[in-house]
Amino acid sequence: TQLDLTQILSQFVKESPEDQRAELTDDDVTNTMAFELSWQHNGIKHSMVTINYKVNLWRDIFPFALDGKLKGLKVGDVFSHDFTPGNFIPEFDKYLATSVRTKQFNTTHRLNTIIEPKVGRFYPKGFIAGTHNIYPEDITPFRITAIDDKISIDLNHALAQTAVSFKGQILDIWMAKALRGGSCNDIAELASKDAGLQCQYQDQETDFWSGIPFARMMDSDDAKFYSKTHTENDVDGTAQGILQQAYRQLLTPSDTILDLMTGRQSYLIEHSGEVIGLGLNDAAMCENSELESHFIHDVNATPELPFSNNQFDSAICSFSVEYLTQPIAVFEQIKRTVKPGGLFAIAISNRYQQEKVTQLWQDLHEQERVGFVLELMKKAGFDNLNSWSLNGLYRPDDDPRIKQSVFADPIFVIWGQVPKH
(Lines give C-alpha, C1' and ligand atoms only; values in the text may rest on other atoms or scores of the structure.)
Protein backbone atom coordinates (compact mmCIF):
# COMPACT_ATOMS: atom_id res chain seq x y z
CA THR A 1 0.00 0.00 0.00
CA GLN A 2 1.34 3.42 -0.95
CA LEU A 3 0.01 6.79 0.18
CA ASP A 4 -1.42 9.20 -2.41
CA LEU A 5 0.14 12.57 -1.64
CA THR A 6 -2.38 14.56 -3.70
CA GLN A 7 -5.31 13.29 -1.64
CA ILE A 8 -3.52 13.87 1.64
CA LEU A 9 -2.52 17.46 0.89
CA SER A 10 -5.69 18.63 -0.83
CA GLN A 11 -7.21 20.38 2.21
CA PHE A 12 -4.11 21.50 4.09
CA VAL A 13 -2.28 23.90 1.78
CA LYS A 14 -2.88 27.62 2.23
CA GLU A 15 -3.40 29.33 -1.13
CA SER A 16 -2.14 32.79 -1.95
CA PRO A 17 -4.69 35.65 -2.28
CA GLU A 18 -6.62 35.36 -5.54
CA ASP A 19 -5.39 38.69 -6.90
CA GLN A 20 -1.76 37.53 -6.50
CA ARG A 21 -2.07 34.09 -8.07
CA ALA A 22 -0.36 33.10 -11.29
CA GLU A 23 -1.51 30.39 -13.66
CA LEU A 24 1.72 28.65 -14.64
CA THR A 25 5.22 28.09 -13.28
CA ASP A 26 7.98 30.24 -14.78
CA ASP A 27 11.09 32.17 -13.79
CA ASP A 28 9.13 35.25 -12.66
CA VAL A 29 6.72 33.54 -10.25
CA THR A 30 7.06 32.00 -6.79
CA ASN A 31 5.79 28.56 -5.91
CA THR A 32 4.84 26.31 -3.03
CA MET A 33 5.90 22.78 -3.86
CA ALA A 34 5.77 19.39 -2.17
CA PHE A 35 8.92 17.32 -2.67
CA GLU A 36 8.71 13.57 -2.15
CA LEU A 37 11.86 11.45 -2.01
CA SER A 38 11.37 7.67 -2.18
CA TRP A 39 13.74 4.71 -2.05
CA GLN A 40 14.01 1.08 -1.00
CA HIS A 41 16.55 -0.40 1.39
CA ASN A 42 16.74 -4.03 2.51
CA GLY A 43 13.24 -4.59 1.14
CA ILE A 44 11.67 -1.70 3.07
CA LYS A 45 9.98 1.14 1.17
CA HIS A 46 10.60 4.66 2.43
CA SER A 47 9.11 8.01 1.45
CA MET A 48 9.78 11.50 2.85
CA VAL A 49 7.64 14.51 1.96
CA THR A 50 8.65 18.12 2.64
CA ILE A 51 6.61 21.23 1.89
CA ASN A 52 8.69 24.07 0.49
CA TYR A 53 7.61 27.70 0.16
CA LYS A 54 8.90 30.53 -2.03
CA VAL A 55 10.50 28.17 -4.53
CA ASN A 56 11.75 30.06 -7.58
CA LEU A 57 12.89 28.44 -10.83
CA TRP A 58 15.28 31.32 -11.62
CA ARG A 59 17.03 31.41 -8.27
CA ASP A 60 16.89 27.87 -6.86
CA ILE A 61 18.95 24.97 -8.15
CA PHE A 62 17.07 21.92 -9.38
CA PRO A 63 18.74 18.69 -10.56
CA PHE A 64 19.83 18.97 -14.18
CA ALA A 65 17.68 15.97 -15.14
CA LEU A 66 14.57 18.05 -14.43
CA ASP A 67 15.56 20.77 -16.89
CA GLY A 68 12.66 21.36 -19.27
CA LYS A 69 10.10 19.71 -16.96
CA LEU A 70 9.46 22.61 -14.60
CA LYS A 71 8.04 25.51 -16.61
CA GLY A 72 4.44 25.82 -17.74
CA LEU A 73 3.01 23.69 -14.92
CA LYS A 74 -0.22 24.53 -13.12
CA VAL A 75 -1.36 23.88 -9.55
CA GLY A 76 -1.72 20.14 -9.00
CA ASP A 77 0.76 19.14 -11.71
CA VAL A 78 3.51 16.66 -10.85
CA PHE A 79 7.07 16.27 -12.14
CA SER A 80 9.36 13.35 -11.34
CA HIS A 81 12.58 11.57 -12.14
CA ASP A 82 14.38 8.41 -11.03
CA PHE A 83 18.03 8.91 -10.10
CA THR A 84 20.83 6.39 -9.96
CA PRO A 85 23.29 6.60 -7.04
CA GLY A 86 25.43 9.73 -7.14
CA ASN A 87 23.09 11.75 -9.38
CA PHE A 88 20.72 13.26 -6.82
CA ILE A 89 22.65 12.80 -3.59
CA PRO A 90 26.45 13.30 -3.74
CA GLU A 91 28.16 10.09 -4.76
CA PHE A 92 29.87 7.90 -2.20
CA ASP A 93 33.41 8.98 -1.36
CA LYS A 94 35.49 6.13 0.05
CA TYR A 95 37.73 8.62 1.85
CA LEU A 96 34.76 9.75 3.93
CA ALA A 97 34.41 6.21 5.28
CA THR A 98 37.14 6.62 7.85
CA SER A 99 37.82 6.35 11.57
CA VAL A 100 38.56 8.33 14.71
CA ARG A 101 40.23 7.38 17.95
CA THR A 102 37.83 6.37 20.72
CA LYS A 103 38.75 9.41 22.82
CA GLN A 104 37.95 11.73 19.88
CA PHE A 105 34.25 10.92 20.27
CA ASN A 106 33.10 13.53 22.81
CA THR A 107 30.65 11.66 25.05
CA THR A 108 29.84 14.92 26.89
CA HIS A 109 29.15 16.99 23.76
CA ARG A 110 25.47 17.19 24.73
CA LEU A 111 25.03 19.30 27.87
CA ASN A 112 24.38 17.36 31.09
CA THR A 113 24.23 14.04 29.24
CA ILE A 114 26.76 11.30 28.56
CA ILE A 115 26.28 9.76 25.12
CA GLU A 116 28.11 6.53 24.37
CA PRO A 117 28.89 5.63 20.74
CA LYS A 118 26.90 2.69 19.36
CA VAL A 119 27.23 0.78 16.12
CA GLY A 120 24.84 1.72 13.33
CA ARG A 121 23.62 4.86 15.08
CA PHE A 122 23.82 8.46 13.87
CA TYR A 123 25.28 11.39 15.79
CA PRO A 124 25.80 15.10 14.97
CA LYS A 125 29.26 15.66 13.55
CA GLY A 126 29.97 18.00 16.44
CA PHE A 127 30.59 14.87 18.56
CA ILE A 128 33.86 14.38 16.65
CA ALA A 129 34.80 18.06 16.36
CA GLY A 130 38.48 18.65 15.77
CA THR A 131 38.74 15.74 13.33
CA HIS A 132 38.25 15.86 9.56
CA ASN A 133 37.86 19.69 9.65
CA ILE A 134 34.64 19.40 11.69
CA TYR A 135 33.48 22.19 13.99
CA PRO A 136 31.59 21.69 17.29
CA GLU A 137 28.50 23.45 15.88
CA ASP A 138 28.09 20.99 12.98
CA ILE A 139 24.82 19.08 13.45
CA THR A 140 25.02 17.14 10.17
CA PRO A 141 24.57 13.46 11.04
CA PHE A 142 27.28 10.85 10.61
CA ARG A 143 27.06 7.12 11.24
CA ILE A 144 29.20 4.82 13.36
CA THR A 145 29.84 1.62 11.40
CA ALA A 146 32.07 -0.34 13.80
CA ILE A 147 33.76 -0.04 17.17
CA ASP A 148 36.97 -1.85 18.08
CA ASP A 149 40.28 -0.21 18.95
CA LYS A 150 39.01 2.74 16.90
CA ILE A 151 35.56 4.01 15.92
CA SER A 152 34.81 3.49 12.23
CA ILE A 153 32.59 6.23 10.83
CA ASP A 154 30.88 7.13 7.57
CA LEU A 155 30.66 10.85 6.80
CA ASN A 156 28.87 10.29 3.49
CA HIS A 157 25.17 10.97 3.10
CA ALA A 158 23.27 7.90 4.32
CA LEU A 159 21.84 7.34 0.81
CA ALA A 160 25.03 8.00 -1.13
CA GLN A 161 24.92 4.49 -2.63
CA THR A 162 21.15 4.24 -3.07
CA ALA A 163 18.93 4.92 -6.09
CA VAL A 164 16.13 7.38 -5.29
CA SER A 165 12.95 8.65 -6.91
CA PHE A 166 12.16 12.35 -6.69
CA LYS A 167 8.68 13.76 -7.24
CA GLY A 168 7.51 17.34 -6.99
CA GLN A 169 3.97 18.66 -6.93
CA ILE A 170 2.87 22.25 -7.51
CA LEU A 171 0.71 23.40 -4.61
CA ASP A 172 0.49 27.17 -5.22
CA ILE A 173 1.80 29.76 -7.70
CA TRP A 174 1.86 33.51 -7.18
CA MET A 175 3.43 36.55 -8.73
CA ALA A 176 6.90 37.21 -7.39
CA LYS A 177 8.14 40.59 -6.32
CA ALA A 178 11.18 41.96 -8.12
CA LEU A 179 13.89 39.29 -8.11
CA ARG A 180 17.03 40.74 -6.61
CA GLY A 181 18.84 37.58 -5.60
CA GLY A 182 18.22 36.36 -2.06
CA SER A 183 18.97 32.90 -0.76
CA CYS A 184 19.64 30.18 -3.30
CA ASN A 185 18.42 26.72 -2.35
CA ASP A 186 19.77 23.40 -3.57
CA ILE A 187 16.52 21.48 -4.08
CA ALA A 188 18.16 18.06 -3.93
CA GLU A 189 19.77 18.99 -0.63
CA LEU A 190 16.44 20.21 0.79
CA ALA A 191 14.57 17.08 -0.30
CA SER A 192 17.22 14.64 0.97
CA LYS A 193 17.91 16.23 4.36
CA ASP A 194 17.98 13.42 6.97
CA ALA A 195 16.93 10.83 4.38
CA GLY A 196 18.44 7.43 5.08
CA LEU A 197 18.62 7.80 8.85
CA GLN A 198 15.75 5.28 8.92
CA CYS A 199 17.97 2.59 7.39
CA GLN A 200 20.41 0.03 8.68
CA TYR A 201 24.05 0.18 7.66
CA GLN A 202 24.27 -2.39 4.87
CA ASP A 203 22.82 -5.60 6.44
CA GLN A 204 24.12 -4.82 9.91
CA GLU A 205 21.70 -4.62 12.82
CA THR A 206 21.66 -1.21 14.53
CA ASP A 207 22.51 -1.18 18.23
CA PHE A 208 19.30 0.01 19.81
CA TRP A 209 19.61 -2.48 22.64
CA SER A 210 22.79 -2.02 24.69
CA GLY A 211 22.72 -0.08 27.95
CA ILE A 212 19.31 0.65 29.48
CA PRO A 213 17.32 1.82 26.44
CA PHE A 214 13.89 1.52 28.06
CA ALA A 215 14.67 3.35 31.29
CA ARG A 216 12.33 6.26 32.05
CA MET A 217 12.50 9.40 34.14
CA MET A 218 9.43 8.29 36.09
CA ASP A 219 9.17 4.53 36.45
CA SER A 220 6.17 4.66 38.76
CA ASP A 221 2.85 2.91 38.16
CA ASP A 222 1.72 3.64 34.59
CA ALA A 223 -1.91 2.89 35.39
CA LYS A 224 -1.95 5.58 38.06
CA PHE A 225 -0.06 8.11 35.90
CA TYR A 226 -2.23 7.71 32.80
CA SER A 227 -5.48 7.61 34.73
CA LYS A 228 -5.10 11.36 35.16
CA THR A 229 -6.72 13.56 32.53
CA HIS A 230 -4.26 14.97 29.98
CA THR A 231 -5.99 17.77 28.13
CA GLU A 232 -3.32 18.69 25.57
CA ASN A 233 -3.65 17.13 22.13
CA ASP A 234 -0.99 14.69 20.93
CA VAL A 235 -0.30 16.90 17.88
CA ASP A 236 -1.74 20.05 16.32
CA GLY A 237 -4.84 20.14 14.13
CA THR A 238 -2.96 20.02 10.83
CA ALA A 239 -0.96 16.97 11.90
CA GLN A 240 -4.15 15.30 13.11
CA GLY A 241 -5.75 15.86 9.73
CA ILE A 242 -2.74 14.46 7.87
CA LEU A 243 -2.80 11.31 10.00
CA GLN A 244 -6.55 10.91 9.44
CA GLN A 245 -5.99 11.03 5.69
CA ALA A 246 -3.10 8.57 5.92
CA TYR A 247 -5.14 6.08 7.97
CA ARG A 248 -8.08 6.51 5.58
CA GLN A 249 -5.86 5.39 2.70
CA LEU A 250 -4.13 2.57 4.54
CA LEU A 251 -7.12 0.96 6.26
CA THR A 252 -10.20 -0.66 4.76
CA PRO A 253 -13.35 1.21 5.94
CA SER A 254 -15.04 -1.97 7.13
CA ASP A 255 -12.01 -3.25 9.10
CA THR A 256 -12.38 -4.28 12.71
CA ILE A 257 -9.53 -2.30 14.25
CA LEU A 258 -7.61 -2.48 17.50
CA ASP A 259 -6.48 0.98 18.62
CA LEU A 260 -3.56 0.25 20.93
CA MET A 261 -2.71 2.64 23.80
CA THR A 262 -5.48 4.96 22.71
CA GLY A 263 -7.08 8.00 24.30
CA ARG A 264 -9.52 10.69 23.25
CA GLN A 265 -8.95 10.23 19.50
CA SER A 266 -8.34 7.36 17.11
CA TYR A 267 -7.73 9.59 14.05
CA LEU A 268 -10.11 7.54 11.89
CA ILE A 269 -12.49 9.13 9.40
CA GLU A 270 -15.05 7.56 7.07
CA HIS A 271 -14.64 4.31 8.98
CA SER A 272 -17.64 1.99 9.32
CA GLY A 273 -16.00 -1.01 10.97
CA GLU A 274 -15.79 -1.69 14.69
CA VAL A 275 -12.96 0.02 16.56
CA ILE A 276 -11.90 -1.41 19.92
CA GLY A 277 -9.63 0.66 22.13
CA LEU A 278 -7.06 -0.43 24.67
CA GLY A 279 -5.45 2.05 27.04
CA LEU A 280 -5.14 3.26 30.61
CA ASN A 281 -7.32 6.37 30.77
CA ASP A 282 -10.95 5.30 31.06
CA ALA A 283 -12.31 8.87 30.93
CA ALA A 284 -10.36 9.69 27.78
CA MET A 285 -11.51 6.52 26.00
CA CYS A 286 -15.10 7.26 27.00
CA GLU A 287 -14.72 10.61 25.20
CA ASN A 288 -13.49 8.86 22.06
CA SER A 289 -16.57 8.67 19.83
CA GLU A 290 -14.73 6.47 17.33
CA LEU A 291 -14.52 3.54 19.77
CA GLU A 292 -17.23 0.89 19.88
CA SER A 293 -15.79 -0.43 23.14
CA HIS A 294 -12.61 -0.18 25.16
CA PHE A 295 -10.47 -2.06 27.66
CA ILE A 296 -8.20 -0.80 30.43
CA HIS A 297 -4.92 -2.69 30.20
CA ASP A 298 -1.28 -1.85 31.08
CA VAL A 299 0.84 -3.31 28.27
CA ASN A 300 4.09 -2.40 30.04
CA ALA A 301 3.10 -4.47 33.06
CA THR A 302 1.40 -7.23 31.03
CA PRO A 303 2.27 -7.32 27.31
CA GLU A 304 -0.21 -10.15 26.68
CA LEU A 305 -3.34 -8.64 25.13
CA PRO A 306 -6.84 -9.73 26.28
CA PHE A 307 -7.94 -10.70 22.78
CA SER A 308 -8.18 -13.92 20.80
CA ASN A 309 -6.01 -14.95 17.87
CA ASN A 310 -6.88 -13.28 14.54
CA GLN A 311 -9.58 -11.15 16.17
CA PHE A 312 -8.82 -7.93 14.25
CA ASP A 313 -8.49 -7.01 10.60
CA SER A 314 -5.87 -4.39 11.44
CA ALA A 315 -4.35 -2.43 14.32
CA ILE A 316 -3.10 1.10 14.90
CA CYS A 317 -0.99 2.81 17.55
CA SER A 318 -0.85 6.60 17.48
CA PHE A 319 1.73 8.67 19.38
CA SER A 320 2.29 6.01 22.05
CA VAL A 321 4.96 3.55 20.90
CA GLU A 322 7.64 5.71 22.57
CA TYR A 323 6.29 4.73 25.99
CA LEU A 324 6.62 0.96 25.56
CA THR A 325 9.17 -0.74 27.81
CA GLN A 326 8.65 -4.21 26.29
CA PRO A 327 7.93 -3.24 22.69
CA ILE A 328 8.84 -6.50 20.94
CA ALA A 329 6.56 -8.51 23.23
CA VAL A 330 3.70 -6.10 22.57
CA PHE A 331 4.28 -6.14 18.81
CA GLU A 332 4.24 -9.95 18.87
CA GLN A 333 0.86 -9.76 20.57
CA ILE A 334 -0.42 -7.44 17.85
CA LYS A 335 0.75 -9.96 15.27
CA ARG A 336 -1.12 -12.71 17.13
CA THR A 337 -4.39 -10.81 17.34
CA VAL A 338 -4.45 -9.43 13.77
CA LYS A 339 -5.49 -11.70 10.92
CA PRO A 340 -2.92 -12.86 8.32
CA GLY A 341 -2.54 -10.13 5.72
CA GLY A 342 -3.77 -7.49 8.18
CA LEU A 343 -2.04 -4.17 8.66
CA PHE A 344 -0.37 -2.71 11.73
CA ALA A 345 0.15 1.06 11.37
CA ILE A 346 2.06 3.24 13.84
CA ALA A 347 2.10 7.04 13.91
CA ILE A 348 4.75 9.09 15.71
CA SER A 349 5.72 12.75 15.93
CA ASN A 350 8.30 14.78 17.85
CA ARG A 351 6.24 15.47 20.99
CA TYR A 352 6.04 13.21 24.02
CA GLN A 353 5.51 13.19 27.77
CA GLN A 354 8.95 13.63 29.31
CA GLU A 355 8.16 11.65 32.45
CA LYS A 356 7.27 8.40 30.68
CA VAL A 357 9.17 8.37 27.38
CA THR A 358 12.03 5.88 27.17
CA GLN A 359 15.64 7.00 27.25
CA LEU A 360 16.34 5.48 23.84
CA TRP A 361 13.56 7.51 22.21
CA GLN A 362 15.06 10.75 23.51
CA ASP A 363 18.54 9.78 22.27
CA LEU A 364 17.43 9.06 18.69
CA HIS A 365 17.09 11.47 15.80
CA GLU A 366 13.48 11.80 14.57
CA GLN A 367 14.15 9.70 11.48
CA GLU A 368 16.19 7.18 13.49
CA ARG A 369 13.05 6.59 15.54
CA VAL A 370 11.38 5.44 12.34
CA GLY A 371 14.21 2.94 11.88
CA PHE A 372 13.79 1.73 15.45
CA VAL A 373 10.05 1.10 14.96
CA LEU A 374 10.79 -0.75 11.72
CA GLU A 375 13.31 -2.89 13.61
CA LEU A 376 10.64 -3.73 16.19
CA MET A 377 8.25 -4.76 13.43
CA LYS A 378 10.88 -6.96 11.81
CA LYS A 379 11.75 -8.67 15.08
CA ALA A 380 8.06 -9.28 15.78
CA GLY A 381 7.63 -10.96 12.38
CA PHE A 382 5.80 -8.36 10.26
CA ASP A 383 6.62 -8.04 6.56
CA ASN A 384 5.94 -5.61 3.66
CA LEU A 385 7.34 -2.79 5.78
CA ASN A 386 6.96 0.88 4.83
CA SER A 387 7.72 4.30 6.25
CA TRP A 388 6.32 7.69 5.22
CA SER A 389 6.75 11.15 6.69
CA LEU A 390 5.51 14.67 6.05
CA ASN A 391 6.99 17.90 7.33
CA GLY A 392 6.54 21.60 6.60
CA LEU A 393 2.82 22.37 6.57
CA TYR A 394 1.56 25.31 8.60
CA ARG A 395 0.15 24.95 12.10
CA PRO A 396 -3.44 26.20 12.62
CA ASP A 397 -3.59 29.89 13.54
CA ASP A 398 -5.43 29.15 16.78
CA ASP A 399 -3.04 26.45 17.96
CA PRO A 400 -1.63 27.17 21.46
CA ARG A 401 1.91 26.45 20.23
CA ILE A 402 1.75 28.87 17.28
CA LYS A 403 4.19 31.26 18.97
CA GLN A 404 6.75 28.47 19.30
CA SER A 405 6.54 27.45 15.66
CA VAL A 406 4.32 28.33 12.72
CA PHE A 407 4.94 24.87 11.28
CA ALA A 408 2.79 21.86 12.11
CA ASP A 409 4.09 18.90 14.03
CA PRO A 410 5.78 16.40 11.68
CA ILE A 411 4.00 13.12 11.04
CA PHE A 412 5.76 9.79 10.58
CA VAL A 413 3.75 6.68 9.69
CA ILE A 414 5.25 3.18 9.76
CA TRP A 415 3.29 0.12 8.73
CA GLY A 416 3.65 -3.57 7.99
CA GLN A 417 1.57 -6.68 7.40
CA VAL A 418 1.02 -9.87 9.30
CA PRO A 419 2.43 -12.56 6.95
CA LYS A 420 -0.27 -14.35 4.97
CA HIS A 421 1.38 -17.75 5.38
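## Sheet, helix 8 and cysteines

Let's start with strand 14 (residues 383-391) and strand 15 (residues 411-417), which run antiparallel and are joined by six bridges. Helices (H or I, at least four residues) and strands (E, at least two) are DSSP runs, numbered from the N terminus. This is a predicted model, where local features need pLDDT of at least 70, side-chain atom pairs count only at pLDDT 80 or more, and totals for chains, interfaces and linings use all residues. Residues are numbered from 1 along each chain as its sequence is written, and side-chain values use heavy atoms, leaving out hydrogens and water.

Asn 386 has Trp 415 in strand 15 as its bridge partner. The wider picture is an open, mixed sheet of eleven strands, ordered 3-8-1-2-14-15-13-12-9-10-11; two strands pair if DSSP finds at least two bridges between them. At its edges, each pairing on one side only, are these two:

| Edge strand | Residues |
|---|---|
| Strand 3 | 78-83 |
| Strand 11 | 293-296 |

Now to helix 8 (residues 366-380): its end C-alpha atoms are 22 Å apart, in agreement with the 21 Å expected for 15 residues, the expected span being 1.5 Å times one less than the number of residues. Twelve of the 15 residues are buried, so helix 8 is largely enclosed by the rest of the structure. Buried means under 20% relative accessible area, exposed over 50%, partly exposed in between (1.4 Å probe, protein chains only). Among the buried ones are Phe 372 and Leu 376. Gly 381, with a positive phi near 100°, follows helix 8.

Finally, the whole structure holds zero disulfides (pairs of cysteine sulfur atoms within 2.5 Å). Why does Cys 317 not bond to Cys 286? The sulfur of Cys 317 is 20 Å from that of Cys 286, its closest cysteine sulfur, which is too far for a bond. Cys 317 is buried at 1% relative accessibility.
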